[in-house]
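User: Could you take a close look at one part of this model for me, the nonpolar patch on the surface, and then place it in its surroundings?

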Amino acid sequence: MSNAYRNNFLREVTANVEEGEWVKMCMQCGVCSGSCPLGPHWEHPPQEIFMMIRAGKREEVLKSNSMWYCTSCYNCIARCPRGLPITHIMHGLAHYAKRLGMVPQNQQTAKFAQKFWDNLTKKGRVNELTLGLSLYFMNGFGEGVKTSLKMQGVGLGMLKTQRMDPLEILGGHGCKDVAGLQAALKKARQIEEAKAVKV
Ligand code: SF4
Ligand code: SF4
């Protein structure tokens, strides 16, 4: 539905996005956008995102790159006169866009987050070696080789100081109850899906 307005988008955000019920409280003062260290580089800084949600610009918001650039610095939250939890809403919007399959193609933060999540949830502990390698190679083999060569000093330093275990390549450690973790994650997914409101 390109460039189409959906008058119920605010209702959808309120129902499905973390802290989304706060969006209607924004008074459009612009303090958040002015306080955001990365705001000038965003296609749509936070105040604009809130205005677009209220204007029903569903596609433009959910397909935007902007909320993926939030670094959780909390400048905006500390300064918003209305006390909006802006950081959480930005992450909530990114998460909701991901659930709907609306993340822009090749979005680097989303790719990074997925790699991290997959690595962590496999055994309940991050395997630093395989995570590092998967991040180096996430944009293709050629770039992976280049990045690995560039970072080899750091990697060797970590191995020398035992900050990284080369045997992690074989799978690494997991938490005590991997099956229990998987069951808890499955249950959490079911609860989230059941909660999702179709608008
Ligand atoms: S600082 Fe708060 S009230 Fe002002 S535009 Fe940003 S979110 Fe809205
Ligand atoms: S928490 Fe995110 S949105 Fe808020 S100022 Fe920092 S980078 Fe910008």
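Analyst: Happy to; here is the patch, followed by the pocket, the cavity and the chain as a whole.

First, some ground rules. This is a predicted model, in which local features need pLDDT of at least 70 and side-chain atom pairs count only at pLDDT 80 or more, while totals for chains, interfaces and linings use all residues. Residues are numbered from 1 along each chain as its sequence is written, chains are lettered from A and ligands numbered from 1 in the order in which they are written, and side-chain values use heavy atoms, with hydrogens and water left out.

Your patch is formed by Leu133, Phe137, Phe141, Val145, Leu149, Leu167, Ile169 and Leu170, which together have about 810 Å² of accessible area. Accessible areas come from the Shrake-Rupley method with a 1.4 Å probe, and for residues only the protein chains shown count as cover. Patch members have over 30% relative accessible area and no salt bridge, and nonpolar side chains (Val, Leu, Ile, Met, Phe, Trp, Tyr) are joined within 5 Å; a salt bridge is a side-chain nitrogen of Lys or Arg within 4 Å of a carboxyl oxygen of Asp or Glu.

Helix H9 (residues 141-150) gives the most to this patch, 3 residues. Helices here are DSSP runs (H or I, at least four residues; strands are E, at least two), numbered from the N terminus. Leucine 167 sits in the loop between helix H10 (152-160) and helix H11 (178-195). Leucine 167 counts as exposed because its relative accessible area is 56%, where exposed means over 50%, buried under 20% and partly exposed in between (1.4 Å probe, protein chains only).

Leu133 also lines the second largest pocket, where Leu129, Leu133, Tyr136, Gly155 and Met164 lie nearest the centre among 14 lining residues. Helix H8 (128-136) and H10 each give two or more residues to that lining. A pocket is an open set of points on a 1 Å grid over the protein atoms alone, with protein on both sides within 12 Å along at least five of seven lines; in a cavity a 1.4 Å probe fits but cannot get out, and lining residues have an atom within 4 Å of a point.

Elsewhere, the largest cavity has 13 lining residues, with Cys36, Trp42, Cys70, Cys73 and Cys76 nearest its centre. Cysteine 73 is partly exposed, at 38% relative accessibility.

Overall, the chain has 11 helices and 0 strands, and buried residues make up 30% of its 199 residues.

How values were computed
Patch = residues over 30% accessible without salt bridge, like charges linked within 9 Å, V, L, I, M, F, W, Y side chains within 5 Å.
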